[in-house]
Amino acid sequence: MARAISTRRKIGFTILAWGIGLVIFFPILWTFLTSFKPEGQAIAIPPRFFDFDWTLANYETVQSRSNYFRHFSNSVISAVGSTLLGLLIAIPAAWAMAFSPTKRTKDVLMWMLSTKMLPAVGVLVPIYLIFRDLRLLDTHLGIIVVLTMINLPIIIWMLFTYFKEIPVDILEAARMDGASLRQEVVHVLTPMAVPGIASTLLLNIILAWNEAFWTLNLTTTNAAPLTAFIASYSSPEGLFWAKLSAASMMAIAPILIMGWFSQKQLVRGLTFGAVK
Amino acid sequence: MGSITLKNVKKSFGGVTVIPDISLDIEDGQFVVFVGPSGCGKSTLLRLIAGLEDVSDGMIAIDGEDMTKTAPAQRKLSMVFQSYALYPHMSVRGNIAFPLKMEKAPKEKIDAAVNNAASILNLTDYLDRKPRQLSGGQRQRVAIGRAIVRQPKAFLFDEPLSNLDAALRVAMRLEISELHNKLKTTMVYVTHDQVEAMTMADKIVVLNAGRIEQYGSPLELYQRPANKFVAGFIGSPKMNFVEGAEAQKHGAHSIGVRPEHLTVSRGPGTWSGVVKVSEHLGSDTFLHVDVEGAGTMTTRTSGDVAFKHGETVGLTPVEGRVYRFDAQGMAV
């Protein structure tokens, strides 16, 4: 039986939900608005919401002052590259743990997750020195490797959860139906695993795209992604809120659009394991 | 052709022995049911025949050919799982066609076989649906359809009806029996439900703790149970067991009388007791009678017999229908 909810409660919850939604969304909205303000009005107190002189000047300045496209392509290379490399390592790992678990499987998973518990800054110096000695600083390869390593535990955990949900019965049914190992993988396992792999891929691209600690510390120009592009507009000498906002909007726009179009997959990814 | 022979088959998981030593011959074309309480090893035995588990020792032959080490895919058996195990990303048509696609059969042959299976199983209107759009009974039919298209040497059923509701279970039971009559292919069927076993089987294998307690036709098991376990397991309601003086009169350690072989009288009988519960099923009435020294005895009487809670009744076994067992529980 459905619980009867009074209209007043419903209205109350609706207002509350919208309120929370707006609070969460507000920083992005504010950044968006600020990116269209002249610098002077961007820092005006009291703040101006819509009654300012709308301008595209910030975008023009940002565009002419720095090479957006180079940062953008660096972001694409590092996000996609690290995600693909991560999947390449994680798929067999998660596969093995899901389909032939041992007594230690849970421990291995826990150990992998534990690497995420250490604050990143704790290993900054050793990694920086290793990268310097291996000449990986400010290179695509270096960024791909470091992003792969920091996101690998999450990729493996997500894939493991997905693979766990594939019923063993179905694989056995395929075997009984005369499928060879190759046919079993191609016709049964892969189609059932693809949705899980797709949401893992999407979520990880977003994580890698927005990663700022390592990308800011290990790159300067050649491999600097959009995070570095934003950071270059926050300088201590001047107030460039509007330009900073314009740069931020340009940096998050591609991933926002990608996220918008893959909402369904992402929601599955974010609630992984929650719903059977 | 599909005879199955097990010879001294043993199976253990780690240190736990599930099947100590089983030998069994299943003749071609028979409907054989493995029945037993949960954990008796009946599903494991089926999976050993299927090849989904490896035997620890012993030999499994199908059609006289040693298949002990053969992969499940090459044994030419079909299996229907308790969970149906349909491929969720394929349509009903894709599911049924799958075994033939794996054989790389020509398209016309696949289409003909799928349409034929669908018409046998009343699935023609559902061929383009996905499994999630089907009811439980329809899913089970698809699983059976997938099993019959490749014309296997034998069908293996692993508790196929236990996820269905009671009415559907009875209907599917009939359908599977009809299917067996039509195809005349060997079927090995695992269930914990002795009613399913009795109604469907040509021969029943009663399993307990990984051992075969008895192997025979349903009526053989009912009329001549080899031991107390089989006597108690086959038949519903359960057989009544009595030990002590009354048993010794029959020259046995214990005796058993089926509920349907006890007559009830208002006067004294072999035993007398007080009616504890009377269950009216319409056609039958089950009386649960508290008998001093023998515990609760159950009788099955006709539906119009009216005994009330608390009444004292006499119980007398029907002549020649008393089963006698020795101290080890073996039939005498």
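**Exercise 1. Helix H12 of chain A**

Which residues in H12(A) are buried? Work this out on the predicted model, then check the length of the helix and look for a bend.

Solution.
Step 1. Count neighbours for each residue: a residue is buried if 20 or more other C-beta atoms lie within 10 Å of its own. In H12(A), the residues that meet this are A:Ala242, A:Lys243, A:Leu244, A:Ser245, A:Ala246, A:Ala247, A:Ser248, A:Met249, A:Met250 and A:Ala251.
Step 2. Find the cover. The buried residues of H12(A) are covered by elements of chain A that include helix H1 (7-34), helix H2 (39-42), helix H3 (57-65), helix H4 (68-99) and helix H11 (226-231).
Step 3. Check the length. H12(A) covers residues 241-261, which is 21 residues, and at 1.5 Å a residue these should span 30 Å. The end C-alpha atoms are 30 Å apart, so the expected span and the model agree.
Step 4. Look for a bend. H12(A) has a kink of about 35° at A:Ala253, and the proline A:Pro254 follows shortly after.

**Exercise 2. Chain A as a whole**

Describe the make-up of chain A and its contact with chain B.

Solution.
Step 1. List the elements. Chain A has 13 helices and zero strands.
Step 2. Take the extent and burial. Along the principal axes, the C-alpha atoms of chain A fill a box of roughly 70 × 65 × 35 Å. Chain A has 276 residues, of which 32% count as buried.
Step 3. Sort the contacts by separation. Among the contacts in chain A with a separation of 6 or more, 78% join residues 24 or more positions apart.
Step 4. Turn to the interface. Here 15 residues of chain A are in contact with 19 residues of chain B. On the side of chain A that touches chain B, the elements giving two or more residues are helix H8 (168-176) and helix H9 (181-210). H8(A) gives the largest share of that side, six residues.

**Exercise 3. Strand S7 of chain B**

How many residues of strand S7 (residues 154-158) of chain B are buried, and which strands does S7(B) join?

Solution.
Step 1. Assess the cover. Five of the five residues of S7(B) are buried, and the strand is mostly covered.
Step 2. Assign the directions. In a regular strand the side chains alternate between the two faces of the sheet. B:Ala154, B:Leu156 and B:Asp158 point one way from S7(B), while B:Phe155 and B:Phe157 point the other way.
Step 3. Find the partners. Strand S6 (residues 77-80) of chain B runs parallel to S7(B) and is joined to S7(B) by four bridges. Strand S8 (residues 186-191) of chain B also runs parallel to S7(B), with five bridges.
Step 4. Follow one residue across. B:Leu156 stands opposite B:Met79 and opposite B:Val188 in S8(B).
Step 5. Trace the connection. With helix H5 (residues 166-183) of chain B, S7(B) and S8(B) make a right-handed β-α-β unit.

**Exercise 4. The five-stranded sheet of chain B**

In what order do the five strands of the open sheet in chain B lie, and which are the edge strands?

Solution.
Step 1. Write the order. The order is S13-S17-S14-S15-S16, and the pairing is antiparallel.
Step 2. Identify the edges. Strand S13 (262-265) and strand S16 (295-302) of chain B each pair on one side only.
Step 3. Add the twist. From one strand to the next, the twist averages 45°.
Step 4. Examine one pair. Strand S14 (residues 271-280) and strand S17 (residues 312-317) of chain B pair in the antiparallel sense over four bridges. B:Val274 has B:Thr312 in S17(B) as its bridge partner.

Notes
Residues numbered from 1 in each chain as written. Chains lettered and ligands numbered in written order. Predicted model: local features only at pLDDT ≥ 70, side-chain atom pairs only at ≥ 80, totals over all residues. Pairing = 2+ DSSP bridges. Axes fitted to C-alpha atoms, helices over the stretch in contact; angles between N-to-C directions. Buried ≥ 20, exposed ≤ 12 C-beta atoms within 10 Å, placed from the backbone. Right-handed = clockwise from strand over helix to strand, strands pointing away. Expected span 1.5 Å × (residues − 1). Bend = angle between axes of the 7 residues up to and from the residue. Contact = placed C-beta atoms within 7 Å.
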